[in-house]
Amino acid sequence: MDALPIDEKTGLPYASRHEGCFHGCGHDGHVAMLLGAAQALAADHSGIDGTIHFIFQPAEEGQGGAKAMIEDGLFERFPCDRVYALHNWPSLPAGTIATRAGPIMGAADRFSIVLTGKGGHAAIPHDAHDVVLAGAALVQQLHSIVSRSIPASANAVLSITQIHGGQAFNVIPHEVSVGGTVRSFDPAVQDRIEQRLRQIAAGIAASFEVEASVEYTRYYPATINDPAAEQDALDVAASVGTALHAPEPAATSEDFSFMLQVRPGAYIWLGQGVGDNPPPLHNPHYDFNDGVMETGIRLHLALVRHWLGEAAGNLVEWFDFYIYAFCSIYFAGAFFPKADPTGQLLNTAGVFAAGFLMRPIGGWWFGRFADRHGRRLALVISVVTMAAGSLAIACLPTHASIGVWAPTLLVAARLVQGFALGGEYGTAATYMSEIATEGRRGFLSSFQYVTLVGGQLLAALLVVILQGLLPESELKAWGWRIPFVIGALAALAALAARSRLEESGSAEARESHEAGSLS
C-alpha cells in the first residue's frame, strides 16, 4: 500500500531503507489490522450470515485508487450493502475511536495559475509587463476568497503552496506560476471558491496587462458519512474502546469518499497518539503506533458481528416456550393423575397460561436491568434462565413420586420460563431497534414474530419426529422429556452467538456521542 515521497527521520531499527520512500501515513498499519481481522474471521466465522469483503485499496495518496477500483467494477464484482474505513489519527489518544455524521474529511482540489507577460531588464520595468508583481497581487487576493466570499459558518481552506518564476536577479521574467490547494466540505462552497479564483485571476491579468491561464482540478470529493452507519459505528466502538463524536471535520482529504458516494458507510478515526505532542501524519518523525492494532482489529470484528446471534437466541427461546404446549398431551397424566383426560389437559393449559402472566413482569425487570448493565448481558441472562426452566421440567419427578409437589414445581418452572421469555422479547426488540439502520427498522421490528413462528414450527416438527420414533406408551413414560433437554442444550449453544453480540446504544455511549470532543 502506498508510501510517501519523504525521507524517514525516526531513527528506528525498522525505518525505511529506501530514500524518499516512507510509510508516513500509517497505511502499512491499516493493512496489518485488516489482515488481522480477516485472519480472525477465517479462524472463526461461526454465526456469520452474510459475505464480508476486505478491500485493500492502493494509491490513496493523491492518485485516486478508490475511484479506479470502483470504475473497474469493485461493487459489481463484490456487492456491499455498507462500507467502513479506518485510519489512524495521531491527535487522538491511543485507543480512542471517533467519527461523525456528514462531512468528516474535506474535498481536495488543486490549482495552477500561470501568468504570462512581457519580460525585460529589471532596471527598465516600465518596458516590461511585470508578472512577479502580478503574482504577488494574485497571492494576496486569492487569500481573501475564504474570508470575504465564503460564509463564516462554512468550513474551507485555500493555501498557496507554490510560486515559481525568474532565474536572475536583474531580469523581470516573462512567466510566473502560482499553485496551491483548496479544501471544502460543501459542493456549493467548492463551486464558489473555483468561481472566485477564476474571476480574480482574470481581474489581476487585466490590471497588470498580463495573461492568466487557470488549471483547476477537483481530485477528491468530501468524505461524507452516512448518519445511520456513523451511529452504528459509534455504538459498536463503545464496546471496544473510548468512543467520541468528532465535533468538527478535518480539512485533510481521503479517496474513500468515492466509495461513500456509491455505498452507505462511515470513515472512522482510530487514535494512536502518545505523549503531549506526537508527530502528525506526513511528518518525517511519524511512527505508526503498533499498540493500537488490537483495538483496530477488534473494531473491524465488532462491526462485522454487530447484527449476529440475535435470531438464534430468539428462535431457541420460543422453541423452549412452546414445546410445553406440544408435549403436554403426553405428560399431563403424570402431573395431574386424579383428573380425567380433559381435566388433565385443562390443568396443563392453566400452567401454560401462568407462564404468559410472567411475561410482562419479565419484560419490566429485564428492561430495567438492560438499561443499567447493557442489553447484551440482559439477552445472555434470558437465555440461561430459559435453559434452566427447560432443564428443570425435563428432570421433574412425577406425581407418583412426590405427590402435589410435582405440579407445584411444574408451575414454578413455567413461571421461570415466562419470566425469561418476557425479558427476551422486550430486550431483543429494543436491542434490534437500537442497532437497526434507517430502512431496516420495519423489517427488524417484525423479526420477533418471524422467530416466534419459527420456534413453534420447530417444536411441532420435533414432536412429529418423536411420534414416528417412539410408541405412545414410551412418549408418556419418558419420551416427552427429550424435547425439553434438546431445548435446554440448544439455548446454551445459543450463548455462543449471544457472547459475540456487541452492545447497542447504552446511556454511556449516547452521552459520549453527545458530549465527546476532540482537541
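How many helices and strands are there in the protein?

1. **Overall make-up.** The protein has 20 helices and twelve strands. Keep in mind that this is a predicted model. The protein has 519 residues, and 47% of them count as buried. Its accessible surface comes to about 24600 Å². Carbon and sulfur atoms account for 58% of that surface.

2. **Contacts along the chain.** Take the contacts between residues at least 6 apart in sequence. Of these, 80% join residues at least 24 apart. A good case to look up is the pair His300 and Ala37. They are 263 residues apart in sequence, yet their C-alpha atoms are 6.2 Å apart in space.

3. **The four-stranded sheet.** Find the open sheet with the strand order β6-β8-β4-β9. Its pairing is antiparallel. Which strands stand at the edges? They are β6 (156-165) and β9 (211-220). Each has a single partner strand, so one side of each is left without a neighbour in the sheet. From one strand to the next, the twist averages 15°.

4. **Inside the sheet.** Now look at β4 (residues 107-116) and β8 (residues 175-184). These two run antiparallel and are joined by ten bridges. For a landmark, use Arg110, which stands opposite Thr181 in β8.

5. **Helices across the sheet.** Two helices deserve a look here. Helix α4 (residues 131-142) lies across β4, β6 and β8. It runs at about 155° to β4. Helix α6 (residues 187-208) lies across β4, β6, β8 and β9. Its angle to β9 is about 165°.

6. **Glu209.** After α6 comes a point worth checking. Glu209 lies in the loop between α6 and β9. Its phi is near 60°, a positive value in a residue other than glycine. Why flag that? Most residues other than glycine have a negative phi. Is Glu209 buried or exposed? Its relative accessibility is 57%, so Glu209 counts as exposed.

7. **His282.** This residue also has a positive phi, of about 65°, although His282 is not a glycine. It sits in the loop between β12 (265-273) and α9 (293-304). With a relative accessible area of 40%, His282 is partly exposed.

8. **His300.** Move on to helix α9, where His300 is found. Is His300 buried or exposed? It counts as buried, because its relative accessibility is 17% and the cut-off for buried is under 20%. What does His300 touch, leaving aside its neighbours within four places in sequence? The contacts are Met33, Leu34, Ala37 and Leu86.

9. **The largest nonpolar core.** This core has 32 residues. Those with the most contacts inside it are Tyr324, Phe331, Phe335, Leu410 and Phe484. At least two core residues come from each of α10 (310-335), α11 (341-357), α13 (375-395), α15 (405-435) and α17 (447-469). Which helix gives the most? It is α10, with eleven residues.

10. **Phe484 and the second core.** Set aside the neighbours of Phe484 within four places in sequence. Phe484 is then in contact with Ile323, Tyr324, Cys327, Phe331, Ser390, Ile393 and Ala394. A second core, separate from the largest, has 26 residues. Among them are Ile150, Val178, Val189 and Ile200.

Key:
Residues are numbered from 1 along each chain as its sequence is written. This is a predicted model: local features need pLDDT of at least 70, side-chain atom pairs count only at pLDDT 80 or more; totals for chains, interfaces and linings use all residues. Side-chain values use heavy atoms; hydrogens and water are left out. Two strands pair if DSSP finds at least two bridges between them. Axes are lines fitted to C-alpha atoms, for helices over the stretch in contact, and angles run from 0 to 180 degrees between N-to-C directions. Contact means heavy atoms within 4.5 Å. Buried means under 20% relative accessible area, exposed over 50%, partly exposed in between (1.4 Å probe, protein chains only). Accessible areas come from the Shrake-Rupley method with a 1.4 Å probe; for residues, only the protein chains shown count as cover. A nonpolar core is a set of buried Ala, Val, Leu, Ile, Met, Phe, Trp, Tyr and Cys residues joined through side-chain atoms within 4.5 Å.
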